[in-house]
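Trainee: I should like to understand why particular structural terms are applied to this model. May I ask for each value to be set against its definition?

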Amino acid sequence: MSLHAQDDPALRAAQEERLRAVWKPPSGWFFRWTDVNNNRVGVWYTLTAFGFMLFAGVLALIMRAQLAVPSNNLVTASTFNQLFTLHGSMMMFLFAVPMFEAVSIILLPQLLGARDLPFPRLSAFGYWSFLIGGVFVSGSIFFNVAPDGGWFMYPPFTTRTDLSGLGADIWMLGLSFIEVSSVAAAVELIVGVLKCRPPGMRLNLMPLYAWYILVVAVMILFAFPPLIAGDVLFEMERLLGWPFFDPAKGGDPLLWQHLFWIFGHPEVYIVFLPSIALFAMMIPTFSQRHILGYPWIVLAAVGTAFLSFGLWVHHMFATGLPKISLAFFSAASEAVAIPTGVQIFVFIATLWAGRVVFSTPLLYALGAIAIFVIGGLTGVMVAVAPFDWQAHDTYFIVAHLHYVLIGGTLLPLFGGLYYYWPLITGKKLSDRLGRTAFWILFVGANLTFFPMHVTGLLGMPRRVFTYPAELGVDGLNLASTIGSYLFASGVLVIVIDLALSPRRAKAPRNPWNAGTLEWLAHPDDEAWGIRSVPLIESRYPIWDQKDFVAKVDEGRFFLPDAEEGRRETIITTAIDARPVQVIRLGTPSVIPMITAVALGSVFILTTYHLYWLALAGGIVTLAAVLWWLWSTAEIPEKPQKSIGHGIVLPLYRSGPAAPGWWAMFITMMADATAFSGLVFGYYFFWTVHPEFPPSGPGMDGPGAFWPMLAMGLTLASWAMTVAARELHAREQVTVARGLLVVGIGVTLASLFAGLAGPWLSGLAPKLHSYPAIVWTLAIWTATHAGVGVICQSYTLARSIAGRMTPEHDADIRNITVYFHFLVLTAIVTYATIGLFPLAS
């Protein structure tokens, strides 16, 4: 590709003007709240997550004040339970995960040299969902109805409505809604990393931050859905009385622990790896050299993610599991230290080999590594089952957890804040205030949490609101309380620094002399970002490619113009980043906000048992989603356009080359993972009960006929949808429409056949866990069949309206992906509930 200069000043001025008109939305409150530019959404996302962190920190300070002296009565036991439950829940669900997603939404487009991520409206929907759910959950403390069962919400205390109040429903339904936003963000980030890289940026040239975000987003697809499955079982027990966790009726509380910790332990690495990603960007910059061992650090990140899913049971060592299980999960817990150590030693080696420029962000990075290593060492200790039996549920575990999270999440984020603040605002934060804050935070963190190791070993249990003086830990607790307030004062210094930032002068462009693409941004840039999408030949193109910044600024690379006055970016292949399409991006719209409000109403109204209103909210949500899809999917006014340098790309693609197909596939992967959690529940009950299914009235299984009929009908509907896709591509549109019409009827029939088995056999889900889990699997699959009917009907309507043609067939190709997963769900469900009892 030749990169000849565009030397016509008048042409460049006209291009700049067109870009300015496209990328800078009109002013006014409406556009501020409906803009879907990922940079603006990401800033709001970040500020909201930071606000929730400050609020959760205040709750922690109240707890530490209560524990400062023995037999204190500052707060009641009930209030204390609400405080520590909400503190943990907010820090994990409302700060750590959303913060990494928010920062990634800001940084990834700039790191990838893209004008935006592929689904900016999806990012906006994720933000509104997060905001609504977060306010709903955190605001409960002001009405004395906050959840009080711990951020882990162990049954049976939390599932019994006579022992736990409305707070358990607020926690479960509110955080389930927030989990939806997390999965939405994961879809956006995965497709963004794989499909929006600039030409030439092969996988082995990606910035390490992009690698880490890709790994973490994939982890979310496999970690959050099992918790969603657990949430479904949890709420069905609370709202309907189906006994999944009631031992008296065949349930088992350990099922919740398995589903929760399959999420809960990978969650620690989900919040840790993005912070390590910030190190991976800062350390080469302040070493002024390429990072050493690039392949090794990528493999270590992938290995950490893989191993993190194999050690959830180390949270359950004290539950009486078989010794062989303890040995396996103890070994896995020890093994995860290896890839973590690889990453840390790579950073140290890079600093050792480079010319280190000492700075405030680097100070935070080094301090974070020191604190994290202490947490890692105690993590190795609690991974050994005999030691864990002694330390479990003591303050030793509290100390370990907070060393890991402060060193592995919070301090790196503060370092990233000082590093990337000039990129976001064009202004640097104060080095003097930043270093002052660091040392206050560093001393405060160690003074708060190091004594807790000793407190725990002396026998103080965690999650207690007071303690007797005879325990002999009053001095240690007082030291921890003093340390917590010292730590809070360090955070306050950072807040003051941020507040003073608008008064400071503009920083120079790329003030740290970094080598990666995000620093192409200029403090005076308009909203569209970089001037042209570059060709990448190095991992650090600003350092390595001659006249790189000037060529980008002068529009010498790709897509420098907005010829049609539309928001556009380049889509490339997933492996080698060859350009394949120019994609039109979403414009400011109120639809994501309306969809989030409507979906939020379903969860919130269900919390208060207002089921008819919740149903109405569900109908509004469906209408909003259909409106969203109908208005977004469009046939472009021309088939292709030039991106410069003799390259012409199509404006429309369907199938695996299109980002929409990838989004559907990734979403269905998350859905399948949630479904696997429910199937796990079925076979878990089979393993713990000597007789499964049990005998007695209301326990007779659905038999083989109805499940096999439902399976056959689903297979037929899937075959019709696939055939309709193929015939439609061959321009046999009328036949394809006929197959969709018949397919709608067959899918509906599969829905009713799937429910007929449990219904006609008289399975009573309130009597025992067996009928309850059978009904749950049947309802899950029938609901997905109902969604399949909506997909087929929508596609048929698009075809009749002329919005889907043989050349523009993304709709039918995307719903076919859905039906692939639907038929797999049906096969597993109906084989399990219809045949497995016969085989036992």
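Mentor: Let us start with proline 693, which lies in the loop between helix 21 and helix 22 (705-729). Helices here are DSSP runs (H or I, at least four residues), as strands are (E, at least two), numbered from the N terminus. The model is predicted, so local features need pLDDT of at least 70 and side-chain atom pairs 80 or more, whereas totals for chains, interfaces and linings use all residues. Residues are numbered from 1 along each chain as its sequence is written, and side-chain values use heavy atoms, leaving out hydrogens and water.

Trainee: What kind of peptide bond joins phenylalanine 692 and proline 693?

Mentor: That bond is cis, with omega at about 5°. A cis bond, again with omega of about 5°, also joins proline 155 and proline 156; proline 156 lies in the loop between helix 5 and helix 6. Most peptide bonds are trans, and most residues other than glycine have a negative phi.

Trainee: Which sign does phi have at aspartate 393?

Mentor: Aspartate 393 has a positive phi of about 60°, although it is not a glycine. Its place is in the loop between helix 13 (385-391) and helix 14. Leucine 559, likewise not a glycine, has a positive phi of about 55° and is found in the loop between helix 18 (548-553) and strand 1 (568-572).

Trainee: Why is aspartate 393 called partly exposed, and why does leucine 559 count as buried?

Mentor: Buried means under 20% relative accessible area, exposed over 50%, and partly exposed in between (1.4 Å probe, protein chains only). Aspartate 393 has 32% and therefore counts as partly exposed; leucine 559 has 2% and therefore counts as buried.

Trainee: At what angle do the axes of helix 5 and helix 6 cross?

Mentor: The axes of helix 5 (residues 120-138) and helix 6 (residues 166-195) come within 8 Å and cross at roughly 160°. That makes helix 5 roughly antiparallel to helix 6, because angles over 145 degrees count as roughly antiparallel, under 35 as roughly parallel, 65 to 115 as roughly perpendicular and the rest as oblique. Axes are lines fitted to C-alpha atoms, for helices over the stretch in contact, with angles from 0 to 180 degrees between N-to-C directions.

Trainee: What makes helix 7 and helix 21 oblique to each other?

Mentor: The axes of helix 7 (residues 208-240) and helix 21 (residues 659-688) cross at roughly 50° and come within 7 Å. The two are therefore oblique. Among the residues in contact (heavy atoms within 4.5 Å) are Leu221 and Phe222 of helix 7, and Ile666 and Met669 of helix 21.

Trainee: How do you know that phenylalanine 286 and tyrosine 419 form an aromatic pair, and what describes its geometry?

Mentor: A search of the whole structure finds 55 aromatic pairs. In this one, the rings are 5.7 Å apart centre to centre, with 70° between the planes. Rings of Phe, Tyr and Trp (its six-membered ring) pair if their centres lie within 6.5 Å; planes under 30 degrees apart count as stacked, over 60 as edge-to-face and the rest as tilted. The pair is therefore edge-to-face. It links distant parts of the chain, 133 residues apart: phenylalanine 286 is in helix 8 (residues 253-287) and tyrosine 419 in helix 14 (residues 395-425). Both residues are buried.
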